[in-house]
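Here is a friendly walk through a structure with more than one chain. Please have the sequence and the model open side by side as you read.

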Amino acid sequence: MRSKVTASLILVIVVAIVAGVINYQGLIAKNTKLVPKLGLDLRGGVRIVLEAQDTESAKATNDAINAAVSVIDKRVNALGVSEAVAVREGANSKRIMVELPGWEDPERAKEIIGKTALLEFKTEDGKVVVSGKNLTDAKLVFSQAQDSLGEPQIAFTLDAVGKAAFATATQANIGKKISIYLDSQVLMSPTVETAITDGQGVISGGFTAEQASNDALLLKSGSLPVKLVAISEEVVGPSLGNAFVRRSALAAVIAFLLVVIWMFVMYRYLGLVSGIALIIYADILMAAYLVLHATLSLPAIGGAILSIGMAVDANCIIFERIREELGMKKTVKSAIGAGFSRAFRAVFDSNLTVLVGTAFLFYFGSGTVRGFAVTLALGVLASMFTAVFASHMLVDLLLTPGIVRNSRKFLG
Amino acid sequence: MTFRERILTWDIIGRTRTWFTMSSVIIVIGIVAMVVNTVSFGSPLKFGIDFIGGTLINASFEKAPDEAVVRDILSANGYSNVTVQRAGAKGITMKVEASEIDPAVSGKIISDIVAKYGAVDAGTEEITSIAPVIGRDLLRRSSLALALSLLFTLLYITIRFKFSFGLATILGMVHDILVALGILAVFRVPLNAPFVGAFLAIITYSVQDGVVVMDRIREKLRYRAKEPFDKLANAAVTETWMRSFNTSFTTFLAVLVLFIMGGAPIRDFSTTLLVGIISGTYSSIYISTPLLVLWVQGREKAAALQKA
């Protein structure tokens, strides 16, 4: 029994210290790999406004601007800038607003947004044979082939230079693969069966019709579907105000103290145990956010608060249970044992129900919904460790003779 | 008799009609408010700038304006649902929840700021309309994610408990959503992006709390002697009543502090959460459990009839 408590104690202390070191590195030493990521609402970032302009080859049509928005949206989100936003300013506006939370350098942001969509045909040894600049036309078609009937595809036509290069390359690579890359991502790697001399071909890559149409538009213009000019770029402050983060940190401390006071009033020494468990919980949770680079924005904070409530809940369930068991005139030791083991099913099922729900929210949701699911799921997992495992160990420690003399009273 | 002992004597299930009437009244008021809103404003709930778009005013001044002061100026000019952000060294960005702004009003706003922070830097003033951040696509995808998530939650509870337990829990959650939406409709709280988080939090809290109460009924069923199901369920909810109260009270405290200290920008968010916490705890005890009792009693009666 004693050795089990000691082992648990060591495990909890080690986890708490590891988490503490991570938090120190991220929050105080400002280790760049671990700095907390805050959403645009809490931290501010870069906002860029782009305006679509007509050029000879590409008119700034409604469709082209919408395609550009979706391309930019894909791009900024692929950067790992969580909760990045690209929206059109009004239904008929030629302006697109891009917001990148946590960014400080508008120049680099512009560079990435304006990056051309690059189509490349590469041979097996990685040599580029034809690139997007040799493309004269690209459009959405639906497959006529027997085995893929109706599948959305991109049909392309090459210019004279591209046609010649493509003919040579296909001739030289019969039986080998030529891969098609879009923005450095492989779309497909078909095996060349015959030399293609007419400069026309079809790309199929499991597109939806919308994707194929967007990508085709993108390819045709050689870059973004319309010419976009940055008309304003600025570093913006957090939308919830600069003082908000500081104030909410203070709010968290006050909330913590109030919760611990209430738990002490209700459960005496056990309440203090839940207070210690809550400190370890916050320590672990913050470290998990830093390591996983979860973006903290207001909805995510909602998930975090909720998980704190659930961590305390696990303690309430267990302590109430211990009180009931004590009421049945059991000894303190057996009441605590029975309390923890009987309450475990309730804690386990309620937390697992939540995890099942969050898993689906994460898998099918996007942006805000995902942020919420991540913070909540991390909270549930951390609370299983602190509110159940660590509290059990702490209560056992309290029972060790000499620490609590009058053990009957430690529940109040 | 202590308060704890007194709780055990409460007849919660016996007053099912009272609880159902109370909830029905609150929900009906909410639905009436949604109908009235639809008739007079065109939508059952008030959607904010993130859902319907709005107008953006941008300008730089001699001195850097303070966000809170600018928010007050906007509010004095009739725009209380706004996002105000610092932009660059001395600029300020205001997102206002209106598809168009009367030039006279926007001029007044700018001149009010000028009065405090000095003249507008030449060429920095601009007024444009912006599209919603949460488009229909995102909303549709999120709803699908939520529906699937609830379906599998129901499946999980069915596996671990019984289908009837899952159904009662989910119905309790529907109750909480209706209460929350109703209150949002009555007070015409503008819904913005963070609301998505608050809404998900209410659903999660409701289901989690419901499962804990259902667990006690499940446990009591295992040691059931001949006692009728309503007595058993009543014992289960009275025994877990203190836990339910303490849990929701501590969570309530945490959100209340956020409500008081977070200030105006997140007041709607924290209000929604507060309503959800109260309703979520209430529904597990006073709605889901009575519903389960009605279901089980109905089946037991049917089984008895078949025997006879």
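The report below covers the interface, the domains, the annotated spans and the salt bridges.

This is a predicted model, in which local features need pLDDT of at least 70 and side-chain atom pairs count only at pLDDT 80 or more, while totals for chains, interfaces and linings use all residues. Residues are numbered from 1 along each chain as its sequence is written, chains are lettered from A and ligands numbered from 1 in the order in which they are written, and side-chain values use heavy atoms, with hydrogens and water left out.

**The interface**

Let us begin where the chains meet. Chain B places 70 residues in contact with 69 residues of chain A; contact here means heavy atoms within 4.5 Å. The size of an interface is often given as the accessible area lost when the parts come together. For chain B and chain A the buried area is about 5,900 Å², and carbon and sulfur atoms give 65% of it. Buried area is the accessible area (1.4 Å probe) that two parts lose on being put together, summed over both. On the chain B side, Tyr156(B), Gln208(B) and Met261(B) lose the most area to chain A, together 10% of what that side buries.

Polar links are found here too. Between chain B and chain A, 13 residue pairs are in polar contact, both at pLDDT 80 or more. A polar contact is a pair of N or O atoms within 3.5 Å; within protein, one must be able to donate a hydrogen and the other to accept it, and residues adjacent in sequence count only if both atoms are side-chain atoms. H8(B) gives the most to the side of chain B that touches chain A, with 17 residues. That side divides into 36 nonpolar, 19 polar and 15 charged residues.

**Salt bridges**

The rule (a side-chain nitrogen of Lys or Arg within 4 Å of a carboxyl oxygen of Asp or Glu) gives 17 salt bridges over all chains. Seven salt bridges cross the interface of chain B and chain A; one of the pairs joining these chains is Glu219(B) with Arg321(A), at 2.7 Å, N to O. Within chain A, Arg95(A) and Glu51(A) form a salt bridge at 3.2 Å, N to O. This pair links distant parts of the chain, 44 residues apart: Arg95(A) is in strand S4 and Glu51(A) in strand S2.

**Domains and annotated spans**

Chain B is divided into domain 1 (3–42 + 134–306) and domain 2 (54–130), and their C-alpha centres lie 42 Å apart. UniProt, in unreviewed entries, lists transmembrane regions in chain A, including 248–265 and 272–292, and in chain B, including 20–41 and 273–296.

| Span | Helix | Strand | End C-alpha distance |
|---|---|---|---|
| 248–265 of chain A | 100% | 0% | 25 Å |
| 272–292 of chain A | 100% | 0% | 30 Å |
| 20–41 of chain B | 100% | 0% | 30 Å |
| 273–296 of chain B | 100% | 0% | 32 Å |

Definitions and conventions. Helix = DSSP H or I, 4+ residues; strand = E, 2+ residues; numbered from the N terminus. Nonpolar A, V, L, I, M, F, W, Y, C, P; charged D, E, K, R; others polar. Domains from an automatic or database assignment. UniProt positions renumbered as here; feature names shortened; annotations may be inferred.
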